[in-house]
Amino acid sequence: SARRAVPRHRPPTYFMNSLLAESRSPGYMPEAKSTEWGTPWHIFNPLHNEFSFTLDVAARKWNTKIPERYFTPELNGLGQSWRGETAWCNPPYGADNIALWLQKASREREHGTTTVLLLPSTTETKWFHHHVWDAQANRARPGVELRFFEKRITFIAPPGMTSTGNVKGSILVIVRPVIPGVHLPCHFCGQ
């Protein structure tokens, strides 16, 4: 009788390529129609009560949370001074863009600024590990606090669009001035 050849296994590259193909499929991660979304008031108000924000550093007229003081893209919040402010930042999303806002917040804390950033909870990204998390110490970097949300946030859609939900979770990254001798405990381990 003739023996039928039965493949023993598929090479690992087949498996990885199929995973990559799945991850690029529209059903897996829909492409966002905008990178600018407004923060819902039920998220912002308790934070404003806690921090008393004085400046919205990445806003437009339709989505600012501090209408008295905000930077539009035309004013370029990345190029402005935030010295001594308590800044709110829900930046346009995108890995390169988020890294720029975190770099700016880190520089401004040297001038007494506290910045609260609402960001996607993508802890595998370079920006997260370069600016937020110290992998060797297994904790947030000095002067950085993390707060995770239990549920996904439904952001406010830009004018002419509708919000259909969010495909990722969100985190708050709080960048505070580092004061010698003052240690902020890690919210995960308490140390």
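Two strands pair if DSSP finds at least two bridges between them. The exercises below use that rule on a predicted model.

**Exercise 1. Which residue in β7 is the bridge partner of Val116, and how many bridges join β3 to β7?**

Step 1. Locate the strands: β3 covers 114–120 and β7 covers 170–175.
Step 2. Find the partner. In β7, Val116 bridges to Ile174.
Step 3. Count the bridges. β3 and β7 are joined by six, and the two strands run antiparallel.
Step 4. Apply the rule. Pairing takes at least two bridges, and β3 and β7 have six.

**Exercise 2. Work out the order of the open sheet, and explain what its edges lack.**

Step 1. Read the order of the five strands: β1-β2-β3-β7-β6, with mixed pairing.
Step 2. Pick out the edges. These are β1 (55–56) and β6.
Step 3. Each edge strand has a single partner, so one side of each is left without a neighbour in the sheet.
Step 4. Check the β6 end. β6 pairs with β7 in the antiparallel sense over five bridges.
Step 5. Add residue detail on β7. Val144 stands opposite Val175, and Glu145 stands opposite Ile174.

**Exercise 3. Is β7 largely enclosed or not, and which way do its residues point?**

Step 1. Take the cut-off: buried means under 20% relative accessible area.
Step 2. Six of the six residues of β7 are buried, so the strand is largely enclosed by the rest of the structure.
Step 3. Recall the pattern. In a regular strand the side chains alternate between the two faces of the sheet.
Step 4. Sort the residues. Ser170, Leu172 and Ile174 point one way; Ile171, Val173 and Val175 point the other way.

**Exercise 4. Describe the largest nonpolar core and say where its residues come from.**

Step 1. The largest nonpolar core has 24 residues, and Trp127 and Val173 touch the most other members.
Step 2. List the elements that give at least two residues each: β2 (86–89), α3 (95–109), β3, α4 (126–132), β6 (144–148) and β7.
Step 3. Find the main supplier. α3 gives the largest share, five residues.
Step 4. Look for another core. A second, separate one has 13 residues, including Ile43, Leu47, Val116 and Ile153.

**Exercise 5. Classify the ring pairs Trp41–Phe44 and Tyr93–Phe155.**

Step 1. Set the scene: the structure holds nine aromatic pairs.
Step 2. Take the angle cut-off. Planes over 60 degrees apart count as edge-to-face.
Step 3. For Trp41 and Phe44, the centres are 5.8 Å apart and the planes stand at 85°, so the pair is edge-to-face.
Step 4. Place this pair. Both residues lie in helix α2 (residues 41–51), three residues apart, about one turn of the helix.
Step 5. Compare their exposure. Trp41 is partly exposed at 43% relative accessible area, whereas Phe44 is buried at 1%.
Step 6. For Tyr93 and Phe155, the centres are 6.3 Å apart and the planes stand at 80°, so this pair is also edge-to-face.
Step 7. Place the second pair. Tyr93 is in the loop between β2 and α3, and Phe155 is in the loop between β6 and β7, 62 residues apart.
Step 8. Tyr93 is partly exposed at 24%, while Phe155 is buried at 8%.
Step 9. Widen the view. Ring pairs link Trp41, Phe44, Phe51, Phe53 and Trp88 into a cluster.

**Exercise 6. Which charged residues lie over the rings of Trp41 and Trp82?**

Step 1. Over Trp41 sits the charged end of Lys65, 4.0 Å from the ring centre.
Step 2. Over the face of Trp82 lies Lys104, at 5.5 Å from the ring centre.

**Exercise 7. What surrounds Arg147?**

Step 1. Arg147 lies in strand β6 and is partly exposed at 24% relative accessibility.
Step 2. List the contacts, leaving out residues up to four places away in sequence: Leu47, Glu50, Phe51, Ile171, Leu172, Ile174 and Arg176.
Step 3. Check one backbone distance. The C-alpha atoms of Arg147 and Val173 are separated by 6.7 Å, with their positions 26 residues apart along the chain.

**Exercise 8. Where does pLDDT stay under 50?**

Step 1. Start with the whole protein: mean pLDDT is 81, and 74% of residues reach 70 or more.
Step 2. Find the stretch. pLDDT stays under 50 over residues 6–31.
Step 3. Count contacts. The model has five for this stretch beyond four places in sequence.
Step 4. Draw the lesson. Where pLDDT is low, the predicted coordinates should not be read in detail.

Note on methods: Residues numbered from 1 in each chain as written. Heavy atoms only, no water. Core = buried A, V, L, I, M, F, W, Y, C linked by side-chain atoms within 4.5 Å. Buried < 20%, exposed > 50% of the residue type's maximum accessible area, 1.4 Å probe, protein only. Helix = DSSP H or I, 4+ residues; strand = E, 2+ residues; numbered from the N terminus. pLDDT = per-residue confidence, 0-100. Contact = heavy atoms within 4.5 Å. Phe/Tyr/Trp six-rings, centres within 6.5 Å; stacked < 30°, edge-to-face > 60°. Lys NZ or Arg CZ within 6 Å of the ring centre and 35° of its normal.
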